[in-house]
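Let's take a walk through this one together. Have a look at the sequence and the model first, and then we'll go through a few spots.

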Amino acid sequence: MAESNDHERLLMRLNQLRTQFDASFADVPVTNADAAPKEYLTLTLRDRSFGIALDECRGLRANGVIVPVPSDVVGFMGVAGRGRKLVAVHDLCWWVLGQPRPQARWLLLDRNDDLAFAFDAFEAHHLVSKEDEVAGVAAGAARFLRQRAVRLSGQPTPIIDLPALAATLREQFGAAREDSGGT
Amino acid sequence: MGRNTTFGRKLGFGFAVAALLTVVMSVLGVQSLTQVVSSKDEIIDVGLGSLLQARTLEVHAEETVAATRGYLLTGQDEYLQRHREASQQFGATLDALSKQLRGFDAELEQVRTARQAYGLVAQELVSLDRGAGLPEVVAATFERAVPKRRELSAAVDTLVSRVRSQLTDRAAQESAAARHSVNLLIALGVLAALVSAGLAFALTRHLDAQIATAVGQVQSSSAELQAAASQQATGSREQSTAMSEISTTISELLATSRQIESSSQRVMEMAEATAESARTGDDIVISTQGTVAAIRQHVDNVVKHMLDLGRRSQQIGTVVDIVAELADQTNILAINATIEASGAGESGRRFAVVADEIRKLADRVSGSTKEIRGLIDEVRSAVNTTVMATETSSKAVDAGARQFDQVTHSFQRISQLVETTTESAREIHLSTKQQATAVEQVNVAIASVAQASKETETSSTQTLQTASQLAQLSRSLLRLVRPQATA
C-alpha cells in the first residue's frame, strides 16, 4: 500500500515537473527590480551555512585548480586560472570565521574578477523575496557579515558581505605592494 | 629263607620239599613195586610158565609113552600118529623151555638125551615086527622102553623140580626184595614225615611270626583305615551337606540368571527398537540436513541477489550522483550564465531568462536527484538492512546448520552408540544366556557331585564298616595265630 502511494506521488511529481517546465516558457519575466526576487547562493564554511548575493559574484567554479604560492599573507592560498588571467585565491573561511580551510576547492569569483574565494562546498541557489529578509543572526566571531540575514531553505542565514571583504583585501594588498616598492 | 622271601615261596618251598620227598618215595615205591611186579611177573610168566611147560613136557612124554604103548598094543597108526605128534610137541616144548630157561642146560640136555634115547627105543619098538606077538612087544617094552621112559620121566622130573626150586628161590628172593623195598619205603616215609614235620614246624613258626607281624600291621592299618574311613565318612557327610547347600544356592543363582537373561532379552529388544528408531532418525536427519543445505543455499542466493541489488542500487546511486553532478554543474553554469547575463545588461536579459530556466531546471533535477538519492539511500538502507538481516539469517542458518551438523554428528554418534549399545546388549544377552546355560550345567554338575557326595558318604560308611570288619578279622586272625594275643 505504501509502495503504491510512493509510486503515485512520483508520478504526480513527474507531471508537476513537466507542467512547470512547460509553464516556464509562458512566464512573464519580472522587470521590476524591486519586485524581482533576489538571488542568493548558500555555501558551507566549516559546517555552517552562509549566504552570498549572486549579484556580488562574478562566477562560481567547482574543483578549481589552485596553484600554491608562498606568501606571508595569512589566508592567501595561491593563484588560479580564470580565462586568460590569474586571480588570487583567498581562504573565505579564514577571512569570515578566522579558521583556515586549506582543502577548500570551490571558488567564488569577486565581482571585479580579480579575487577568488575558496570555500568548502556549494549548497544551493535561492530566489528570495523581500519577505524573506530577516534580522541578522548571531554569528559568533564571524566577520564580514551583513546586518540582515535572509531566510534560505526556511532557516535564517547570515549573508557574507563579499564586496567589503574584497575591498579590505585590496587595501591590504595595495598597502603591501607600496611597502615592497611596487614589485 | 630270607626275609624277602614271600610267604607263598616259603610255603611253596615247604610243599616242594614235601612233594619232593613224596615224589622220591613214590618213585622208589614205584620202582620197587615195579621191580617186584616184574619179578613176580617173571616168576609167574617165566617161572610158572616154565614149570607149566615142564609139566607139559611131562605130559607130552606120557602121551608119547602112551601112544607108543598104544601102538605097541594095538598096532594102530592112530597111536603112531599120536606118538609122532606127541613127540613133536615134546620137542617143541623142550625147545621153548630151552629158550626160556637159563641155567638149565644140563637138565635140558638130560631131558633131551633121555628123550632121544626113548625115541630111539620107541622107534625100535615101533619098527618091531608085529608078527612077533604082543608078549614080545611087551617084554621088549619093559626091557628097553621102560627104563628109557623112566629116565625121561626122571629127567623131566628133575627139570621140573629144578624149575620149581628155582621158582621158589626166585619167589623167596623177590619176597625178600619186596620186604626190603617196603622197609626202604617205610624208612623214607618216616624220613619224609620227619622232614615234613620239621619243615612244617619251621615254616609254621616262621610264617606264624610273619603272619603275626603282618596281621599286626593289618590291624594297625585297619585301625588307621577305620579312623580314616570315619574321617572320610564325616567329611563326606559334611561335603554332602555343603553340596546340598551349594545346590540350593546354584538353583537360586540359576533362577537369578534366568531372570537376568529375561531382562537382558527385554533390554536387547529395547536396544534394537532404539537402534531402529535411531536409524530412522538418522535418515530423517540426513534428509533434513539436505533441506538445511538447500535453505542455506537459498539464503546464500538471497544474500547474493540482495548484494547484487545493493551493487545495482549503488550503481544507480552513482548514476544519480552523475546526474546530480550534471545538475550541479548545470546549476553552476546557469548561475554563471545568470551572472554573465546580468553583467551583459539589456542584451543579456533574454539569456538571463534562459539561464534562469536552466537554473530552475537544474534545481528541479537536483531536487529530483536528491529525492532519488534519498530513495536509493532508502533502497540501499533497506537492501543493507535486508542483507544484514539476510546475513544475520544466513549466519543464523549457518549457525543453525552448524548446530544441525553438530546435532547430526551427535545423532550419528548417538546412533553409533545405540548400535554399540545394541550390540553390547546382544552380547550381554548372549553372555547371560551362556551364563544361564553354564549355571544349569553347574547345577547339573553340582547335583551330580551332590549325588556323588551322597554315594561317597555311603561308600565311606561302608568303608568304615568294612574297616571295622577288617579290624575285627585281623584281631580274629591274630588270635588264630597267637591265641594269647588280645584284641
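Cys93(A) is tucked away from the surface: its relative accessible area is 1%, so Cys93(A) counts as buried. Keep in mind that this is a predicted model, and that value is computed from it. Cys57(A) is another buried cysteine, this time with a relative accessible area of 0%. What about disulfides? Over all chains, the count comes to 0. For a pair of cysteines to count, their sulfur atoms would have to be within 2.5 Å.

Now hop over to chain B and find helix H1, which covers residues 7-74 and includes Glu58(B). Is Glu58(B) buried or exposed? With a relative accessibility of 17%, Glu58(B) falls on the buried side, because the cut-off for buried is under 20%. And which residues does Glu58(B) touch, once you skip its neighbours within four places in sequence? Those contacts are Val156(B) and Asp157(B).

Next stop, a pocket. The second largest one has a volume of about 350 Å³. It is lined by 20 residues, and the ones closest to its centre come from both chains: Glu123(A) and Ala124(A), plus Asp363(B), Ser366(B) and Lys370(B). Three elements each give two or more residues to this lining: strand E9 (121-128) of chain A, and helices H4 (134-344) and H5 (349-481) of chain B. The top contributor is H5(B), with 8 residues. As for the chemistry of the lining, you'll find 9 charged residues, 6 polar ones and 5 nonpolar ones.

Notes:
Residues are numbered from 1 along each chain as its sequence is written. Chains are lettered from A and ligands numbered from 1 in the order in which they are written. This is a predicted model: local features need pLDDT of at least 70, side-chain atom pairs count only at pLDDT 80 or more; totals for chains, interfaces and linings use all residues. Side-chain values use heavy atoms; hydrogens and water are left out. Buried means under 20% relative accessible area, exposed over 50%, partly exposed in between (1.4 Å probe, protein chains only). On a 1 Å grid over the protein atoms alone, a cavity is a set of points where a 1.4 Å probe fits but cannot get out, and a pocket is an open set with protein on both sides within 12 Å along at least five of seven lines; lining residues have an atom within 4 Å of a point. Grid points are joined across faces, edges and corners, and a volume is the space filled by probe spheres set on the points. Helices (H or I, at least four residues) and strands (E, at least two) are DSSP runs, numbered from the N terminus. Ala, Val, Leu, Ile, Met, Phe, Trp, Tyr, Cys and Pro count as nonpolar, Asp, Glu, Lys and Arg as charged, and the others, Gly among them, as polar. Contact means heavy atoms within 4.5 Å.
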